[in-house]
Amino acid sequence: RKKELAEETVEAQAGDGRVTVVANCTQEVRSIKIDKSLVDPNDLGMLEDLVTAAVNAALASSRDKMQRELGKISGGVKIPGIT
């Protein structure tokens with residue numbers, strides 16, 4: 001089942017969709033897309049914040065999906081090491 005989770009992906013966005021992150025359900029970021037309108041050498045802090053927010057949202061969605069899938073398999077029994 002872990003192989004299947006590695007192939008399933010979730011997507012999260014930040015900055016009104018100008019930063020998009022795709023992650024798989026084993027917590028690996030697969031891609032990051034950034035709208036070129038965000039690339040401002042004078043305001044890299046905003047871009048960094050949006051990328052961080054999108055990555056964190058994608059990883060949270062990935063964890064949630066993994067827990068739901070594992071819950072189906074385990075019948076709701078908590079598996080040690082999976083939070």
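Two strands are taken to pair if DSSP finds at least two bridges between them, and strands themselves (E, at least two residues) are DSSP runs numbered from the N terminus. This is a predicted model, in which local features need pLDDT of at least 70 and side-chain atom pairs count only at pLDDT 80 or more, while totals for chains, interfaces and linings use all residues. Residues are numbered from 1 along each chain as its sequence is written, and side-chain values use heavy atoms, with hydrogens and water left out.

**View 1. The hairpin of β1 and β2.** Strand β1 (residues 9-14) runs antiparallel to β2 and is joined to it by six bridges, one residue pair being Val 10 and its bridge partner in β2, Ala 23. Four residues lie between the strands of this hairpin, where Gly 15 takes a positive phi near 60 degrees.

**View 2. Strand β2 and its two sets of side chains.** Because six of the six residues of β2 are buried (under 20% relative accessible area, 1.4 Å probe, protein chains only), this strand is largely enclosed by the rest of the structure. In a regular strand the side chains alternate between the two faces of the sheet. From β2, Val 19, Val 21 and Ala 23 point one way, whereas Thr 20, Val 22 and Asn 24 point the other way.

**View 3. The hairpin of β2 and β3.** Strand β2 (residues 19-24) pairs with β3 in the antiparallel sense over five bridges, and Ala 23 stands opposite Val 29 in β3. This hairpin also has four residues between its strands, and Gln 27 takes a positive phi near 70 degrees.

Definitions and conventions
Buried means under 20% relative accessible area, exposed over 50%, partly exposed in between (1.4 Å probe, protein chains only).
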